[in-house]
Amino acid sequence: MVLCSIGCIAALSYYENSRTAQENATLQIDGAARTAAAMLSLETSSPFQPEFDNSARPVAYILKDGNVSSQLGSSAMLTELIKAIGFSNQGAVNLFKWSEATQSFDRFATTFTKPDGSPAASFSIEAGHPAYADLTAGRPYEGKVPVRNTQHLAYLVPVLTADRDLAGAVAVDVGRADALQADRERLQGKILAAALLILAGAVLIGGLLLRFELRPLRRLAKTAEELASGKQPDTIPFCDRGDEIGDLAHGLEKVMDLHDKLQKLAYTDPVTTAGNRTRYFADLSKILREAKSGKYCASLLHLDFNGFAKINDTFGQQAGNRVLLQAYARLAGIFGPRAKIARISGDDFCVLLPFDGEGTVAEDKALQTIEELSAPFHLENTEIRIEPCIGIALLPQDAEDVETAHRVAGLALRAAKEAGEPCYRFFTAPLNERVQTEMLTETLLRAALKTRQLSLHYQPQLNPTDGRLIGLEALIRWRSETRGFIPPGEFIPIAEKTGLILDVGHFVLEEACKQAAKWIQAGFEFGHISVNVSPIQFRQQSFARTVREILASYGLAPQILCLEVTENVFVDTSEKMVLDVLSELQEIGVQLSLDDFGSGYSSLIYLHRLPFQELKIDRVFLSDACSDPQKEHLFQAIAGLGRSLGLRVIAEGAETAQEFALCSAHRCDGIQGYFCSPPVPAHDIPARLNAFHQSFDLPRVTKPRASRPGKRRA
Ligand code: C2E
Ligand code: MG
Ligand code: MG
């Protein structure tokens, strides 16, 4: 706008200057013409009588006397006269005489002299001269005329006789037209330069002003960009201004508040107000980056609470959430504001501790966490306890990327959980190797399930008084094509971790029932067949139904089957759920056995409350019992306890005649151990039993008839 105005003013000035210059020239010539006319008319000796137009400008000179030659011939007088006119005129004055013969105006008097003062050469106005047409028509001419090699601005008036015949011409000029033009152009150039200068100045000042005025807008735009890129500016500037900038700043402030709220929602765990999984991975990524760049070393603690699932099952999810909230409050108190705490799922918390070179802070805090989080949580009138386990990884020593860091901390946590009590473990390289082996085992086991590399062996349980076979325990065997024999103690835990145990368990159950059906068909009396069931299978809602279906498909009486569960079934599964499944199985009519009793998570109350028919005393109580009276007492007490609860008591792991005798002496109902027979393929069972009976002079076992196919699944 400003530029436009300046441009207009400059154009107007230019136009006005041109017009004024033109007017000046006209005035100049006007003045010269009138002066000449006045002087010629005033001079009594002048032969001319001027005629004027409305503006008092001479348009013709009439000769007072009719004799043209005498009038215009007396050049001496006229020369004097025009000299006088020339004095008062800036330019020259010329007198011309019309020649009828040559049809031209011939100059006969002039005030013009050469620069050296000598008279100028005579010349004529002929056809083609700019004034010729007007003059011959008896009209005055105003405009440029050629004078020697230059253009002069001149006013030429015809001289007429009294009869108005053409007699000559009077010409006044006001100087060189090009000089006038040059002056005009110089002036115009100056105007143009001034306009440009003003224009440049205006542009510069305008630009500076604009820059200054736009400064707040630029800052606000930068703030908006920061907001958009996820950065949180401390404050929004210019909020105190009352103008449009202030309005804009207020708008941005609202956006920032909204952004803040969304950010909190997106990164906060709603249950505990700790960070959530997204926050954790973002923080882990940032801390890892800084740790790798050498800024500091950090540690990552992965926490989990043993037995937390039970809290939800027993007290409800609300109670579980309140425990988590209190647990987070304790963690926040322990780790302080520098640590980044997040709940990544269920009862899994992750804590990132920057500036922890050797993991010493992590170790101290882990100990403190175990102590403080093991203390009871109070919910109204209930006291709830959890058992924290912690895995620790050091960054960047243990891992350089987010995925590995999270994985290795998880491995350390798994190692801690395996200890079965509240504790912490640091990640170590062997832990990783173990996981690699486990992964390979999982792959091989998956293939083994398909290629039928799995089979069952059976181990007899004998009545100690008469050596009678009271039952057979089915034990899985895996002979891998690449790794040879892999003991169940090695691959069952992996199958449990990966969920493969469901397929493995189903295979064992079906295979054992199939074999039982075969033996029944063959008339071989074996009492019951025992099958080990993993806690993972127990958590399947459909487990009891599967058992019922398999029994039915082989036409077996449910009492034939005895399901062995260990006390681990109560870890991480609510008592109610275990009880439900056991009750369902009891309804079906299968026998239930508590395996490895005394080896782990023992609670005598389960023996009383749950519907077991059998108790298997763990092998550790029998080993050395013959030489260690304390152990023998323990063994005796457990056997007595089982008997007094009306359970069938089976002693596991009798390896020698003395141990066999000891089990017998303490009135165990059944003995299972290498002394009687190791686990062997089904077809070896009769031979093994006979061998045992012979060596102990016990009655022989009837060899099963050649087996006929059992009842097959429909
Ligand atoms: P378990 O159920 O307590 O089985 C008894 C284990 O003790 C068997 O080991 C058996 O071979 C071993 N054993 C028996 N008599 C003696 C003895 O006199 N001395 C010694 N030292 N050991 C004896 P195995 O077959 O290696 O099985 C180990 C564990 O693996 C089993 O303990 C059971 O918990 C699990 N397991 C085996 N088969 C299966 C299965 O089909 N399903 C599930 N879920 N677990 C199974
Ligand atoms: Mg068992
Ligand atoms: Mg056992």
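This talk covers the overall shape, the nonpolar cores and the two bridged magnesium ions of one predicted model.

Let me start with the chain as a whole. It has 22 helices and 24 strands. Its radius of gyration is 62 Å, against the 27 Å that the globule rule gives for 714 residues, so the chain is more spread out than a compact globule. Along the principal axes, the C-alpha atoms fill a box of roughly 190 × 55 × 45 Å. Of the 714 residues, 44% are buried. If we take contacts with a sequence separation of 6 or more, 63% of them join residues 24 or more positions apart. The exposed surface comes to about 36,100 Å², and carbon and sulfur atoms supply 55% of that.

Next, the cores. The largest nonpolar core has 81 residues. Tyr 458, Leu 561, Leu 563 and Leu 585 have the most contacts inside it. Helix α14, residues 501-522, gives the most to this core, with 10 residues. There is also a second, separate core of 31 residues, and among its members are Ala 327, Tyr 328, Ile 334 and Phe 335.

Now the metals, beginning with ligand 2. Which residues coordinate this magnesium ion? They are Glu 473, Asn 532, Glu 564 and Asp 595, through side-chain oxygens at 2.0 to 2.2 Å. Along the sequence, these donor residues follow the spacing E-x58-N-x31-E-x30-D. Asn 532 is in strand β19, residues 528-532, and Glu 564 is in strand β20, residues 561-566, so this pair ties together parts that are 32 residues apart in sequence. Are these two buried or partly exposed? Asn 532 is partly exposed, at 29% relative accessibility, while Glu 564 is buried, at 1%.

Ligand 3 is the other magnesium ion to discuss. Its donors come from Asp 595, Asp 596 and Glu 652, with Glu 652 listed twice, and the distances run from 2.0 to 2.6 Å. The spacing here is D-D-x55-E. Asp 595 lies in strand β21, residues 591-597, and Glu 652 in strand β23, residues 648-652, so that pair ties together parts 57 residues apart in sequence. Asp 595 is buried, with a relative accessible area of 4%. Glu 652 is buried too, at 12%.

What links the two sites? Asp 595 bridges ligand 2 and ligand 3, and the two magnesium ions lie 3.8 Å apart.

How values were computed: Residues numbered from 1 in each chain as written. Chains lettered and ligands numbered in written order. Predicted model: local features only at pLDDT ≥ 70, side-chain atom pairs only at ≥ 80, totals over all residues. Heavy atoms only, no water. Core = buried A, V, L, I, M, F, W, Y, C linked by side-chain atoms within 4.5 Å. Buried < 20%, exposed > 50% of the residue type's maximum accessible area, 1.4 Å probe, protein only. Helix = DSSP H or I, 4+ residues; strand = E, 2+ residues; numbered from the N terminus. Donors = N, O, S within 2.8 Å, 3.2 Å for Na, K, Ca; no water. Rg over C-alpha atoms; globule rule 2.2 N^0.38 Å. Contact = heavy atoms within 4.5 Å. Areas by Shrake-Rupley, 256 points an atom, 1.4 Å probe, with all protein chains shown as cover.
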